[in-house]
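Biologist: I would like a close look at one part of this protein, set in the context of its surroundings. Please take me through it slowly.

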Amino acid sequence: MVSTTDVAKYAGVSQTTVSRVLNKPDQVKRATYERVMNAVNELGYSAEAFEQIAVPMVKTKTITLIVSAIDDAIYVNAIPAITRTAQEQGYQVTIHFITRSRELETYETVLSSKPDGIIIISTLLDKVAHEKLIDSTIPFVALNSSGITSQHSIGLNDIEAGYLATTHLINASHLEIAWIGGTLSSPSTKDRFIGFVQALQEANYKIRKKRLVVTNLDKFSLFEAFENLQALKKKPTAIVAATDEIALQFMDFYKEAGYQIPDDISIVGIGNSEMAQHSALALTSVGTSDSLANLGQEAIKRLFDLVIYNQQESFHVNRDVELFERATVRAL
């Protein structure tokens with residue numbers, strides 16, 4: 001079994017750094033985060049947010065997170081609030097990352113450990129996995145996940161987010177608009193992409209495959225996507241990024257290539273993250289007026305309503321989104 005020591009050695013960092021990346025990703029540099037996450041992914045490590053100290057005959061109170069994507073924006077921004085609130089209630093948090101080849105195996109591993117509660121983050125929940133969760137009787141909350149309708153769910157209107165971001169650029173008279181996002185196995189990314197396409201279709205824009213970029217989210221893959229867009233005869237005048245993090249990375253690429261934002265290229269992100277609001281050039285973004293951290297806090301508090309207070313009433317929270325116009329879009 002792969003340990004945090006193995007991950008640290010593989011990534012060339014300390015074990016403390018690995019723990020910080022897994023538990024408090026907002027407190028580490030982007031390059032360090034990417035190096036550790038690449039090691040986690042390549043070694044197939046199933047992470048625990050906190051080191052365990054075995055106490056004989058005492059069952060540790062545990063909340064488990066099941067996550068589909070290591071670099072998912074909801075996960076990265078929500079986990080500090082989730083772990084902090086769980087700690088305050090005396091619970092340990094463990095994290096399991098799902099891969100397609102080991103999806104059911106991951107659920108079986110989680111359920112066999114019998115945690116007190118589960119939060120499923122940005123995961124496409126299929127019928128078989130959903131039935132296993134129901135049969136286990138372990139309380140669970142779906143956070144920005146889709147597929148089978150969960151009895152308890154919290155999420156963003158991601159289709160509307162993609163639609164608003166794209167419509168804003170269309171209204172600014174941009175004709176050459178590109179999409180940049182991760183794989184469509186992430187429910188939030190898929191829904192945002194659907195909203196992007198819907199906006200183009202509604203405006204009678206031709207959808208050009210070469211401007212629909214679906215890629216891995218490490219810096220190398222994103223830079224390769226940037227170069228491919230730059231090689232097009234008709235370069236995009238505007239970008240819709242599936243997350244603020246992707247948008248900010250592309251802003252760096254364009255600046256390094258000598259472009260001025262928004263004079264030469266307009267960029268819109270999705271998430272309205274703290275990074276978007278406080279970057280050197282404030283990013284135009286679509287999201288909620290509330291933070292993603294607060295979304296995580298709501299998920300864990302509602303889970304505790306199920307775990308501690310045995311609440312049975314179902315809830316389906318779907319946060320509305322809006323456009324936050326800042327400094328990265330120019331009308332043509």
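At what angle do the axes of helix H7 and helix H8 cross, and within what distance do they come?

Modeller: Please keep in mind throughout that this is a predicted model. The axes of helix H7, residues 158-171, and helix H8, residues 187-202, come within 6 Å and cross at roughly 40 degrees. Because of that angle, H7 is described as oblique to H8, and the crossing of H7 and H8 is right-handed. On the H7 side the contact is made by Asp158, Ile159, Gly162, Tyr163, Thr166, Thr167 and Ile170, and these meet Ser188, Asp191, Arg192, Ile194, Gly195, Phe196, Gln198, Ala199, Leu200 and Glu202 in H8. By character, the residues of this contact divide into seven nonpolar, six polar and four charged. As background to the spacing of such positions, an α-helix has 3.6 residues a turn, so residues three or four places apart point the same way.

From H8, Ser188 leads on to a loop elsewhere in the chain, since Ser188 is among the residues in contact with serine 122. Serine 122 is found in the loop between strand E3 (117-121) and strand E4 (124-125), and it counts as buried because its relative accessibility is 0%, where the limit for buried is under 20%. Leaving aside neighbours within four places in sequence, serine 122 touches Ser68, Asp72, Ile74, Leu143, Asn144, Ser145 and Pro187 as well as Ser188. The backbone at this position also deserves attention, for serine 122 has a positive phi of about 50 degrees although it is not a glycine. Most residues other than glycine have a negative phi, and most peptide bonds are trans.

Threonine 137 likewise is not a glycine, yet has a positive phi, of about 65 degrees. Threonine 137 sits in the loop between helix H6 (127-136) and strand E5 (140-143), and at 66% relative accessibility it counts as exposed. As for peptide bonds, a cis bond, with omega about 10 degrees, joins isoleucine 261 and proline 262; proline 262 belongs to the loop between helix H10 (244-256) and strand E11 (266-270).

Serine 68, one of the residues that serine 122 touches, lies in the loop between strand E1 (62-67) and H4. With a relative accessibility of 24%, serine 68 counts as partly exposed. Beyond its neighbours within four places in sequence, serine 68 is in contact with Ile98, Ile121, Ser122 and Thr123. Glycine 117, by comparison, is 49 residues from serine 68 in sequence and 18 Å from it in space, C-alpha to C-alpha.

Ile74, another residue in contact with serine 122, brings us to a second helix pair, because Ile74 is one of the H4 residues that meet H12. H4 and helix H12, residues 292-307, pack at an angle of about 50 degrees, with their axes 7 Å apart, which makes H4 oblique to H12. H4 passes H12 in a right-handed crossing. The H4 residues involved are Ala73, Ile74, Asn77, Ala78, Ala81, Ile82, Thr85 and Ala86, while H12 contributes Leu292, Ala293, Leu295, Gly296, Gln297, Ile300, Lys301 and Phe304. The residues of this contact divide into eleven nonpolar, four polar and one charged. Ala86 also gives a reference point for lysine 114, as the two are 28 residues apart in sequence and 17 Å apart in space, C-alpha to C-alpha. Lysine 114 has its place in the loop between helix H5 (103-112) and E3, and is exposed, with a relative accessible area of 58%.

H4, residues 73-88, takes part in the packing around helix H2 too. In H2, residues 15-23, the buried residues are Thr17, Val18, Val21, Leu22 and Asn23, and they pack against helix H1 (4-11), helix H3 (30-43), H4 and strand E2 (92-97).

Finally, there is the nonpolar interior. In soluble globular proteins, nonpolar side chains tend to be buried together. Here the largest nonpolar core has 88 residues, of which Leu65 and Phe250 touch the most other members. Beyond its neighbours within four places in sequence, phenylalanine 250 is in contact with Ile180, Leu222, Ala225, Phe226, Leu229 and Ile267. Apart from this core lies another, of twelve residues, including Ile66, Leu111, Ile118 and Leu133.

Technical notes:
Residues numbered from 1 in each chain as written. Predicted model: local features only at pLDDT ≥ 70, side-chain atom pairs only at ≥ 80, totals over all residues. Heavy atoms only, no water. Axes fitted to C-alpha atoms, helices over the stretch in contact; angles between N-to-C directions. Helix = DSSP H or I, 4+ residues; strand = E, 2+ residues; numbered from the N terminus. Parallel < 35°, antiparallel > 145°, perpendicular 65-115°, else oblique. Left-handed = near helix turned anticlockwise from the far one by under 90°. Contact = heavy atoms within 4.5 Å. Nonpolar A, V, L, I, M, F, W, Y, C, P; charged D, E, K, R; others polar. Buried < 20%, exposed > 50% of the residue type's maximum accessible area, 1.4 Å probe, protein only. Core = buried A, V, L, I, M, F, W, Y, C linked by side-chain atoms within 4.5 Å.
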